[in-house]
Amino acid sequence: MSKVAIITARGGSKRIPRKNIKSFWGKPILAYSIQTALASGLFEDVIVSTDDNEIASIAKEFGANVPFLRSEETAGDFSSTADVLLEVLRQLDEIGKTYNDACCIYPTAPFISTSILEKGYRLLKEGNYDSVFPVCAFSYPVMRSLKMEKAGKVFMQWPENIDKRSQDLPPFYHDAGQFYWINVLAFLEKQKLFTDKSGAVILNELQVQDIDNEMDWKIAELKYSLLTKVANG
């Protein structure tokens, strides 16, 4: 089964300038996604989709291919990940490269590992899913969440749960924002990453960090440091 990794790394980050190639523990953060994809041995090709020549150069330095630059239409702030993947898969098809499955990996995902990529791929195939991605449980029970008026007054979103124990409430999950395995034919047909045939693998909070601002970045570095210490005993 032919597989391709597509790492989406545009140049126009606003909140953290040049985020995708900013140094994270000594190397561009993009490098972690590339190196993990290569080390997994899962992919015939590891491709970086970018509109930026500097990012393209760094991607190639760390072993990825950049067969073409992203179009202006998919490099903007309002283009979705699905838009980018559709463009890349169609461009690859035009040069004679087709794949059964693809894995979209985000460039700011230093916590991904070969084992979780492998686990996601196994679930994709064994469950016959359209897509599979990692999720993380919300740390506080969502069923006991609050809503607030402008004046500061708060209400229970679900008041029937006010006296229920946390452990008696069902867990809820959020997208970990690291990667998406997709069945290419299903994706080209539905053009969605999340369908009624999507599956998920669960990560813990130490393995997940959204990186949208400088504080997020510092927290991600602390988590990475801790994970590295745990891995090294």
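# Reading the labels in a predicted model

Biologist: Why is Ser 113 called partly exposed?

Modeller: Ser 113 has a relative accessible area of 25%. Buried needs under 20%, and exposed needs over 50%. The value of 25% falls in between, so Ser 113 is partly exposed. Bear in mind that this is a predicted model.

Biologist: Where is Ser 113 found?

Modeller: Ser 113 sits in the loop between strand 5 and helix 4.

Biologist: What makes the link between Ser 113 and Ser 115 a polar contact?

Modeller: The distance between their side chains is 3.0 Å. The limit is 3.5 Å, so the pair qualifies. The Ser 113 side chain also reaches the backbone nitrogen of Ile 116, at 3.2 Å. Across the chain, Ser 113 and Ala 37 are 76 residues apart, yet their C-alpha atoms are separated by 8.4 Å.

Biologist: Why does Ile 116 count as buried?

Modeller: Its relative accessibility is 9%. The cut-off is under 20%, so Ile 116 is buried. Ile 116 belongs to helix 4.

Biologist: Which residues is Ile 116 in contact with, leaving aside neighbours within four places in sequence?

Modeller: With those neighbours set aside, Ile 116 contacts Phe 179, Val 201 and Leu 203. The C-alpha atoms of Ile 116 and Ile 202 are 9.3 Å apart, with their positions 86 residues apart in sequence.

Biologist: How do you know that the span of helix 4 agrees with its number of residues?

Modeller: Helix 4 covers residues 114-126, which is 13 residues. At 1.5 Å a residue, the expected span is 18 Å. The end C-alpha atoms are 18 Å apart, so the two values agree.

Biologist: Which residues of helix 4 are buried, and what puts them on the same side?

Modeller: The buried ones are Ile 116, Leu 117, Gly 120, Tyr 121 and Leu 124. Around the axis they cover an arc of only 140°, so they are on the same side of helix 4. Their cover includes strand 1, helix 1, strand 5, strand 6, strand 10 and strand 11. After helix 4 comes Asn 128, with a positive phi near 50°.

Biologist: Strand 10 is in that cover. Why is strand 10 called mostly covered?

Modeller: Strand 10 runs over residues 179-183, and four of its five residues are buried.

Biologist: What makes strand 5 and strand 10 a pair?

Modeller: DSSP must find at least two bridges. Strand 5 and strand 10 have five, so they pair, and in the antiparallel sense. Ala 102 stands opposite Ile 182 of strand 10.

Biologist: How many bridges join strand 6 and strand 10?

Modeller: Two, again in the antiparallel sense. The requirement is at least two, so strand 6 and strand 10 also pair. Trp 181 in strand 10 is the bridge partner of Val 132.

Biologist: Which residues have the most contacts inside the largest nonpolar core?

Modeller: Trp 181 is one of them, along with Leu 30, Phe 43, Val 48 and Ile 105. That core has 35 residues. A second, separate core has 22 residues, including Ala 102, Val 184, Phe 187 and Leu 193.

Biologist: How do you know that the buried residues of helix 2 line one face?

Modeller: Take the buried residues of helix 2: Ile 55, Ala 56, Ile 58 and Ala 59. Down the axis they fall within an arc of 165°, so they line one face of helix 2. They pack against strand 3, helix 1 and strand 4. Asn 53, Lys 60 and Glu 61 are exposed on the other side.

Biologist: What caps the N-terminal end of helix 2?

Modeller: Asp 52 does: a side-chain oxygen lies 2.9 Å from the backbone nitrogen of Glu 54. Just after helix 2, Gly 63 has a positive phi of about 105°.

Biologist: Asn 20 is in the loop between strand 1 and strand 2. Is Asn 20 buried or exposed?

Modeller: Asn 20 has a relative accessible area of 8%. That is under 20%, so Asn 20 is buried. Residues up to four places away aside, Asn 20 touches Ala 9, Arg 10, Ile 29, Leu 30, Ile 55, Pro 107 and Thr 108.

Biologist: Ser 198 is in strand 11. Which side chain makes a polar contact with the side chain of Ser 198?

Modeller: That of Ser 131, at 2.6 Å. The limit is 3.5 Å, so the distance fits. A polar atom of the Ser 198 side chain also lies 2.9 Å from the backbone nitrogen of Thr 195.

Conventions. Residues are numbered from 1 along each chain as its sequence is written. This is a predicted model: local features need pLDDT of at least 70, side-chain atom pairs count only at pLDDT 80 or more; totals for chains, interfaces and linings use all residues. Side-chain values use heavy atoms; hydrogens and water are left out. Buried means under 20% relative accessible area, exposed over 50%, partly exposed in between (1.4 Å probe, protein chains only). The arc is that of the directions from the helix axis to the C-beta atoms. Contact means heavy atoms within 4.5 Å. A polar contact is a pair of N or O atoms within 3.5 Å; within protein, one must be able to donate a hydrogen and the other to accept it, and residues adjacent in sequence count only if both atoms are side-chain atoms. A nonpolar core is a set of buried Ala, Val, Leu, Ile, Met, Phe, Trp, Tyr and Cys residues joined through side-chain atoms within 4.5 Å. The expected span of a helix is 1.5 Å times one less than its number of residues.
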